[in-house]
Amino acid sequence: MSKRTAEAGDGDTPLKDRVRPEPMDIDQDKEMGDFEDEFEDEFESEDEILEAGVDGRPDAEREAEEQAAGAMDVDSNGTFIVGRNKLEAGQHLAPDLGTYEMLHNLSTPWPCLSFDIIRDGLGDNREKAYPATMYTVAGTQAESKREKENQLMVMKFSGLSRMQKDDGDSESEDDDDDEEADPILESKSIPLTSTTNRVRSHQISSQDPSRPPITLTATMTESTNIFIHDVTPHLASFDNPGTIITPQQNKPLSTIRAHKSEGYALDWSPLVPGGKLLTGDNDGLIYVTTRTDGGGWVTDTRAFQGHTSSVEEIQWSPQEASVFASASSDGTVRVWDVRSKSRKPAITVQVSNTDVNVMSWSRLTTHLLATGADDGAWGVWDLRQWKGGAQKPSPIASFNYHKEQITSIEWHPTDDSMVAVAAGDHKVTLWDLSVELDDEESKDTAGVKDMPPQLLFEHISEHAKEVHWHPQIPGTLVATGQEFSVFRPIPVVYGIHGK
C-alpha cells in the first residue's frame, strides 16, 4: 500500500511509514545552517534534566515507587530504553556524551525524508582528521500548503569538531586548537515544487584527472516525476567564494515521467559508470533509465511487473550489472534480471507478513541482503539459499528490537559485519553481526533486559528516516529526521581498531 494515506487536509499529521515530522520551530532571525547547541532551549533549567536511575534515592526504593505508580518502567540498573520505558510529564532524556567522539545536530528550513552523502576529494580513512568536513544532498518536505518552498539542498558541513575531553583525559598533543572550530553549514538550493521522497547521487569520473567527477542526483518526488540534476557546479561553489549558480544550472538534465503514481524506490547502478537508474512506484511498477553516450537519458517504457503492491526499495546487485532486487509492501523481495524479455522476477521470496520498507545489499559479501519491515523486525538473508519454488528460506539473523517500523538500513562500507538501522521509534542503532550467540561473554548486557548482544550503540534521532555511513570517515554516520545528526561513537564502542 502507499506510504502516504493521509486524509485530505491532514497535511501536518504523521503519515504511515515515511511519516511527516512535526512542523519545526524555525528562528527566522537565525541564519540557516547554524548548528544547534544540544542543550540550547531544550531545558528550562538544569533541574528538569532527569536521567533514569539518578535521583539521589536507593534504587530499590525508587523502582518500587515507579512500578507501583506505573509511571516509568526501567531496568534494574536504571537504563532507560526508548519505546519500552515511559517518561513522566516534564522529564527529558539527555544523551551520554561520553559515548560520542563527535556529535552535531543541525536544522534545515524543512525536514528531509531522504539524503545522500557525496564522496569528496579530501581523502579516505580520515577518521582522525578534525574538524571534519563532508558533503551531502537532501530533499525537503514542506507543509502541504507550502509545497513550492521545497528544494533540493546541496550542502557542505565543515568545522565538525570532536567532543571536548576532560582535562585529565587528553590522549595526545594531536588535540589541536582547530578541533574547537565552530561548525558551519553552507548550502546551495535547487527549487522544487514537490516533496522529495528519495534522493540518490552518482558520480562519473572525469577524463581529466585534475578535474572533479561529475556528480549527478536523482530526486524522486511526490509529484510522480523524477528529476536528474548535475550538482557539480553547486559543489564547486563552496570552495570558490563569489560563485553564482545560474538558473540554467538549476534546471534538471532530464525529467522521468514514466510513473503514474509516486514512489520511494530509487537506485543508481554501481557497475555502470555512465549512469543507469532504477525507479519503482506505488503501483508496483519498475522502470530503468540509462544515460546515452551523447549525455541524454532514455527510459525503457516496458515496466518490470510482479509486485502486487507498492515498491518500497530497489537495490542493484553490487556484483552483477544486470541483476537487481526490489522490496515491496506485499511482503516480498524479488530478484530480477534486466535482460529478461518477460519483465518478470526470477526469484520471489516472502520475507515478512507486513510491508518490507527498506533493503541493503552488502557490497563486501555480495550474497548477503538485509531487509527491514513495517513491524519493526529486520533480518539478514543469504541469497545462496534463494532457489525459488515453494520452499521459504529463513534469515540467517533476525532481530525484533525496534518497536516501530524500520525506515532505513545500511551495511557498513568496509566492514561486512556492521549494520546501521533507523526506525520509527526515534532510534538509530548500530549492530555487529560477528558477535556469536553462544559467546557467553558477549551475552553480558550489564543487566539490561531485552538487549541483543549484537547491539553496539543506540542513538536517539527524532522521527528517524534515513541513516548513512560516511564512506570516507570510518565510524561516522549521518541521520535525518526532525533534524540532521552527524555522529561518531567512541572507538571502544565502535571497535574500529579491532576490525
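A nonpolar core, as I use the term, is a set of buried Ala, Val, Leu, Ile, Met, Phe, Trp, Tyr and Cys residues joined through side-chain atoms within 4.5 Å. Buried means under 20% relative accessible area, exposed over 50%, and partly exposed in between, with a 1.4 Å probe and protein chains only.

**Ground rules.** I am working on a predicted model, where local features need pLDDT of at least 70, side-chain atom pairs count only at pLDDT 80 or more, and totals for chains, interfaces and linings use all residues. Residues are numbered from 1 along each chain as its sequence is written, and side-chain values use heavy atoms, with hydrogens and water left out.

**Overall.** I looked up the secondary structure of the protein chain and found 4 helices and 29 strands. Helices (H or I, at least four residues) and strands (E, at least two) are DSSP runs, numbered from the N terminus. The protein chain has 499 residues, of which 53% count as buried. For contacts I use heavy atoms within 4.5 Å. Among contacts in the protein chain with a separation of 6 or more, 59% are between residues 24 or more positions apart.

**Cores.** The largest nonpolar core has 18 residues, and M134, M155, F157, L160, V478, F484 and V486 have the most contacts inside it. At least two residues of this core come from each of strand 2, strand 3 (112-118), strand 4 (132-140), strand 5 and strand 29. Strand 5 supplies the largest share, 4 residues. I noted another core apart from this one, with 16 residues, including V358, V380, A397 and I406. Back in the largest core, I listed the partners of V478 more than four places away in sequence: F115, I117, M134, E466, V467, H468, F484, S485 and V486.

**Aromatic pairs.** I found 16 aromatic pairs in the structure. Rings of Phe, Tyr and Trp (its six-membered ring) pair if their centres lie within 6.5 Å; planes under 30 degrees apart count as stacked, over 60 as edge-to-face and the rest as tilted. Y100 and F457 have ring centres 5.2 Å apart and planes at 85°, so I entered the pair as edge-to-face. Because Y100 lies in strand 2 (residues 100-106) and F457 in strand 26 (residues 455-460), the pair ties together parts that are 357 residues apart in sequence. Both Y100 and F457 are buried.

F157 and F484 also form an edge-to-face pair, at 6.4 Å centre to centre and 65° between the planes. With F157 in strand 5 (residues 151-160) and F484 in strand 29 (residues 484-489), this pair ties together parts that are 327 residues apart in sequence. F157 and F484 are both buried.

I also found a cluster in which ring pairs link F304, W316, F324 and W336. The charged end of R343 sits over the ring of F304, 4.2 Å from its centre. The criterion is NZ of Lys or CZ of Arg within 6 Å of the ring centre and within 35 degrees of the ring normal.

**W268.** W268 is in strand 11 and is buried, with a relative accessible area of 4%. Beyond four places in sequence, its contacts include R200, H202, L216, T217, W297 and W316. The C-alpha atoms of W268 and T217 are 9.4 Å apart, with their positions 51 residues apart along the chain.

**Loop between strand 3 and strand 4.** R126 is in this loop, and at 11% relative accessibility R126 counts as buried. Its contacts beyond four places in sequence are D120, T133, H470, Q472, I473 and P474. R126 and I473 are 347 residues apart along the chain, but their C-alpha atoms are separated by 5.2 Å. P131 is in the loop too, and a cis peptide bond with omega of about -5° joins Y130 and P131.

**Positive phi.** Which residues other than glycine did I enter here? T224 has a positive phi of about 85° and is in the loop between strand 8 (214-221) and strand 9 (226-230). H463 has phi near 55° and is in the loop between strand 26 and strand 27. At 13% relative accessibility, I count H463 as buried.
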